[in-house]
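Please open the structure in your viewer and keep the selection panel at hand. We will go from stop to stop, choosing something to select and then looking at what is there.

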Amino acid sequence: MLSTAALCLALASMVSPSTSQQNLTSGEPQQKIFSSLSHPSWSLGLQVYRALRSEGSHINTLISPVLLANSLSALSHAAKGATARQLQELLKTDKDEKQAEKSSPSPLKSMRKANGTSYTLHVSSAIFSKQVSTLESGFLEEFELDHVALGAGDKLGDMKKLSSWARSGMGGIKEMPLGEGPDAKEGALILASALHFKGLWDRGFDKENEDLRNFLGTKYTKVYMMHRAGVYRHYEDIENMVQVLELGLWGGKASMVLLLPFHVESLARLERMLTLEQLEKWLGKLSNMSMALTLPRVNISSTLSLQKQLAALGVVDAWDQKVADFSGLGKGKLHLGDVRHWASLELESDSGTKDSVDKEEHVEKPKLFYADHSFIILVKDNSTGALVMLGALDLAEGDALHDEL
């Protein structure tokens with residue numbers, strides 16, 4: 001088996017640089033290709049992600065901030081009084097911004113339109129109601145929410161119904177962890193969202209170049225690694241000891257950003273730096289560079305209940321049947337019983353087109369990006385500026401070697 005450096009350099013060793021590489025060495029300034037992280041999904045995503053990770057019990061945490069933002073925004077439109085204010089504060093929206101939202105393109109509509117070009121996407125949102133007669137159908141249609149009625153059944157029955165809906169909404173994905181059922185009382189609303197995402201690389205990885213290597217996460221495992229050389233947008237933050245890599249998806253409508261610590265470590269240090277300001281700095285400093293990449297071929301998925309995290313972030317009244325006000329959604333003592341979120345992301349070598357794999361770039365002296373240990377993944381929608389996915393790869397499933405972090 002070739003060594004890491006030998007394989008990456010073998011992929012990259014060509015006699016003459018490509019046009020892209022010639023531009024690198026010509027001294028031309030690099031264009032900033034990133035938008036301000038102003039969409040509510042960025043702030044919301046970082047807050048929810050940090051709240052989940054601070055508990056220390058979540059492995060391979062993955063959320064879709066744009067989907068959460070859409071669902072919670074829908075609830076804020078149906079809420080009144082303090083219930084509405086608390087949701088708006090979390091989403092960083094007020095009345096003027098809510099009006100502006102209606103005139104701007106919906107990220108989810110934009111993403112559904114791009115489905116099959118830059119990525120394949122399965123996305124669903126729903127409100128499950130516990131023994132509630134009716135909900136406002138106009139509201140459900142406006143925000144593209146399904147409505148599923150739950151009977152007087154027990155927690156396990158409710159959870160099975162939720163999980164079955166999630167699997168179907170994610171394109172028939174394999175069995176997701178069932179989790180603990182919500183303790184839903186009469187009048188409870190369960191906000192559910194599910195998203196499965198598979199990016200189509202603009203520069204695909206050749207499956208023939210895969211080989212088994214060690215991944216040094218919370219457990220050491222052996223997994224298949226993908227390799228490719230080319231010109232990518234990259235930044236190396238020496239002070240904070242992190243590499244930032246942007247992987248374009250087909251057609252340029254979306255891209256994936258990886259944050260990789262220099263050394264094998266837990267992600268706690270990197271997560272403490274994860275602010276909007278720091279992300280804008282990193283994205284603003286990305287520039288084209290000759291790279292030799294090694295990435296694990298993995299699928300990441302999460303099944304989450306977000307009631308505890310959202311309450312800690314200031315959404316308090318919505319859960320209290322006595323004070324919650326969702327009168328814009330229906331009659332009776334409506335209140336939130338839970339917020340359930342399913343997310344799944346595929347990193348696959350065959351996620352490009354045949355053309356993207358065939359167009360291997362000619363690069364010289366590439367810098368290595370060797371992702372054999374835990375890293376953070378972001379997926380951003382370049383059309384609307386929304387944060388599609390945010391997650392951590394702590395553990396790559398494979399044959400165990402020995403425990404570490």
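What follows is a walk through a predicted model, stop by stop.

**Stop 1: the sheet**

Start by selecting the strands E3, E2, E4, E11 and E10. In that order, these five strands make up an open sheet with mixed pairing. At its edges are E3 (146–150) and E10 (298–305), each of which pairs on one side only. On average, neighbouring strands of this sheet are turned by 15 degrees against each other, direction ignored.

Now zoom in on E2 (residues 119–130) and E4 (residues 188–199), which pair in the antiparallel sense over 11 bridges. Which residue in E4 is the bridge partner of Ala126? Pick Ala192, and you have found that partner.

**Stop 2: the helix across the sheet**

Add helix H9 (residues 155–169) to your selection. H9 lies across E2, E3, E4 and strand E11 (335–347), and runs at about 155 degrees to E2.

Within H9, show the side chain of Trp165. Is Trp165 buried or exposed? Its relative accessibility is 13%, so Trp165 counts as buried. Leaving out residues up to four places away in sequence, Trp165 touches Ser124, Ser125, Ala126, Phe128, Asp146, Val148, Ala192, Ser193, Ala194 and Trp342. If you put a distance label between the C-alpha atoms of Trp165 and Ser193, the separation is 9.7 Å, for residues 28 apart along the chain.

**Stop 3: aromatic rings**

Keep Trp165 on display and turn to the rings. The structure holds five aromatic pairs. One of them joins Phe128 and Trp165 edge-to-face, at 5.7 Å centre to centre and with 85 degrees between the planes. Because Phe128 lies in strand E2 and Trp165 in helix H9, this pair ties together parts that are 37 residues apart in sequence. Both Phe128 and Trp165 are buried. Add Trp342 as well: Phe128, Trp165 and Trp342 form one aromatic cluster.

Next, select Trp201 and Phe205. The ring centres of Trp201 and Phe205 are 5.5 Å apart and the planes stand at 70 degrees, so this pair is edge-to-face. Trp201 is buried at a relative accessible area of 1%, and Phe205 is buried at 2%.

**Stop 4: the nonpolar cores**

Which residues touch the most other members of the largest nonpolar core? Select Leu259 and Trp282: they do so among its 58 residues. Not counting neighbours within four places in sequence, Leu259 is in contact with Val242, Gln243, Val244, Leu270, Leu274, Leu279, Trp282, Phe375, Ile376 and Leu378. Another core, of 43 residues, lies apart from the largest one; Tyr119, Phe197, Met256 and Ile377 are among its members.

**Stop 5: two helices and what comes after them**

Select helix H3 (residues 40–54). H3 has 15 residues and reaches 21 Å from its first C-alpha to its last, close to the 21 Å expected at 1.5 Å a residue. H3 is mostly covered, with 12 of its 15 residues buried; Trp42, Leu44, Val48 and Tyr49 are among them. Step on to Gly56, just after H3, and look at the backbone: Gly56 takes a positive phi of about 75 degrees.

Finish with helix H5 (residues 81–91), whose buried residues include Thr83, Ala84, Leu87 and Leu91. Just after H5, Lys92 also has a positive phi, of about 55 degrees.

Conventions
Residues numbered from 1 in each chain as written. Predicted model: local features only at pLDDT ≥ 70, side-chain atom pairs only at ≥ 80, totals over all residues. Heavy atoms only, no water. Pairing = 2+ DSSP bridges. Helix = DSSP H or I, 4+ residues; strand = E, 2+ residues; numbered from the N terminus. Axes fitted to C-alpha atoms, helices over the stretch in contact; angles between N-to-C directions. Contact = heavy atoms within 4.5 Å. Core = buried A, V, L, I, M, F, W, Y, C linked by side-chain atoms within 4.5 Å. Buried < 20%, exposed > 50% of the residue type's maximum accessible area, 1.4 Å probe, protein only. Expected span 1.5 Å × (residues − 1). Phe/Tyr/Trp six-rings, centres within 6.5 Å; stacked < 30°, edge-to-face > 60°.
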